[in-house]
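Q: Please show me the structure, and let us then go through some of the terms used to describe it, asking each time what makes the term apply.

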Amino acid sequence: MPGEVTLVKEIEVPTSGTSNPIVPGQMIAVYGKGFTGSSEIWFHSSVKTKADNPVEFKAEIISVSDNGISFIAPKVSGQCDILLKQDGKTQTLGSAYIEEKNLDQLKEYMYVIGGIEESPSVYQYIQGNDELQKKSDLKKGDVIKFALPGTNGNGKVYYFQRIDSSDKVSLCSYDLKINEEQVICSDWLNKFANDAAGQSIGMIEGSLCGVECSWEKGFEIIQFGKNGKNAIIKTYPTTQLVAGKQVVKFYCEDDNLLFNYDAETKCVLVTGAIQFEGEEDTSECLISLNIRTGDIKMIRNRQDTSECLISLNIRTGDIKMIRNRQSNIWLQTLNTGKQILLLETEENKTTIKQINASTLETVSTLGVSNRYIFNPVYLEQSNEICWASSDYGSDYYIMKYDLNTQKENITSCSLSYIETLFSIKY
């Protein structure tokens, strides 16, 4: 291309093709040194106009850091060149294969991971027949508590696995289309290894991301890439004041290693515990980290054992929190694709509310279940909240709460053990 120069060095562009396309609206991280605040990303499609010129699309920049740039794939199809425009100059970074896909029209599936605790298998839940069909075994080790479904239609699910007898935990993916398991990175989750940085994982704009926190770096939102390498989307130093105080410790609870993301408000919701300088104990809290501005605000519960909700607001920087002063309610969030649900779980009751992901204010109360709902998933085709339970004996069953009728029921299928379940579209 005329006028092209080297603006950025050590470039790495994610691999894509017809078998692993990028979806419009998906966040992409390109690694490299030399990006600046004036960087612009453009996509040049191989499709020609009547004037025999390539079609050009400008991408929305999410963040720029020392090791890369993150942006949203524009609405285009086919093979495209990714161009960097910076300081009046242009550089080709690489290429990407984009495939337009109506994610709302994809078929929905629900899966269960369980069977044998030490060597789990993947089962598909057949809604019409109310049965579990075994799909394949997981070879690399036992799954830890959660499974995170992909949201870009690629049929991948993500989870933590303890690979061997040590405390080291790997972040893995499983491709439901081809029954293939891969290790994304090893020893990232710090709940099992003190030298690791990871706190929780989630999907942001169709891409696997994580929340990290350490005294040296502070809060960081990162995007995983090739071979576990990650691009930093935003960093918030611990020297920055939160609620007027300096943070010295933050971690996510063992029982909630996933964060939720609301695409409409651009908010990440995550639960955790925080400690401030000059205080001896941690308290449960809800924090919002703004990727655009870096502003941090927080409301927290000073009671040491209470639960809270964290909101990481990517666009506006507003930080709100829901907290439980009596320490007897556990908070969980659930994304239905159209709304964010807040589940306030007590010993024998769970209140289900719709909340505004940006303000965390209650929009409406949708119902109350007389069950302790733990690690819920949402099934869109039936508008139900589902979770695993062993209340009815030694076997594990799938419990359901129907948001339409506000009634709960138990499926007739069971396994000797269920680690987690998840709902996914692909």
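Q: Why is K85 called partly exposed?
A: In this predicted model, K85 has a relative accessible area of 24%. Buried means under 20% and exposed means over 50%, so K85, at 24%, counts as partly exposed.

Q: What makes the contact between E56 and K85 a salt bridge?
A: The side chains of E56 and K85 meet at 3.3 Å, N to O, and the cut-off for a salt bridge is a Lys or Arg side-chain nitrogen within 4 Å of a carboxyl oxygen of Asp or Glu, so the pair qualifies. E56 lies in strand β4 (residues 54–58) and K85 in strand β7 (residues 78–86), so the salt bridge ties together parts that are 29 residues apart in sequence. E56 is partly exposed, with a relative accessible area of 34%.

Q: Why do E10 and K33 count as a salt bridge, and which parts does the pair tie together?
A: The N to O distance between the side chains of E10 and K33 is 3.8 Å, and the limit is 4 Å, so this pair also counts as a salt bridge. E10 belongs to strand β1 (residues 9–12) and K33 to strand β2, so the pair ties together parts that are 23 residues apart in sequence.

Q: How do you know whether E10 and K33 are buried, partly exposed or exposed?
A: E10 has a relative accessibility of 57%, and exposed means over 50%, so E10 counts as exposed. K33 has a relative accessibility of 48%, and partly exposed covers what lies between under 20% and over 50%, so K33 counts as partly exposed.

Q: What makes K353 and E344 a salt bridge, and are these residues buried or exposed?
A: The closest N and O atoms of K353 and E344 are 3.4 Å apart, and the cut-off is 4 Å, so the two form a salt bridge. K353 and E344 are both buried. The structure holds nine salt bridges, among them this one.

Q: What is notable about the phi of E205, and why is E205 called buried?
A: E205 has a positive phi of about 50 degrees although it is not a glycine, and this residue lies in the loop between β17 and β18. The relative accessibility of E205 is 16%, and buried means under 20%, so E205 counts as buried.

Q: Where is N375 found, and why is N375 called buried?
A: N375 is found in the loop between β33 (362–369) and β34 (377–379), and its phi, near 50 degrees, is a positive value in a residue other than glycine. The relative accessible area of N375 is 14%, and the cut-off for buried is under 20%, so N375 counts as buried.

Q: What makes β17 and β20 edge strands?
A: The open sheet has four strands in the order β17-β18-β19-β20, with antiparallel pairing. In this sheet β17 (198–204) and β20 (230–236) are the edge strands, as each pairs on one side only. Neighbouring strands of the sheet are turned by 25 degrees against each other on average, direction ignored.

Q: How do you know that β18 and β19 pair?
A: Six bridges join strand β18 (residues 207–214) to strand β19 (residues 218–224), and pairing needs at least two bridges, so β18 and β19 count as paired. The two strands run antiparallel, and the bridge partner of S214 in β19 is G218.

Q: What makes β6 a mostly covered strand, and how do you know that β2 and β5 pair with β6?
A: Five of the five residues of strand β6 (residues 68–72) are buried. G68, S70 and I72 point one way from β6, while I69 and F71 point the other way. Five bridges join β2 to β6, and five bridges also link β5 (residues 60–65) to β6; at least two are needed, so both count as pairs. Both pairings are antiparallel. V30 stands opposite I69 in β6, S65 has G68 as its bridge partner in β6, and a hairpin joins β5 to β6 through two residues.

Note on methods
Residues numbered from 1 in each chain as written. Predicted model: local features only at pLDDT ≥ 70, side-chain atom pairs only at ≥ 80, totals over all residues. Heavy atoms only, no water. Axes fitted to C-alpha atoms, helices over the stretch in contact; angles between N-to-C directions. Buried < 20%, exposed > 50% of the residue type's maximum accessible area, 1.4 Å probe, protein only.
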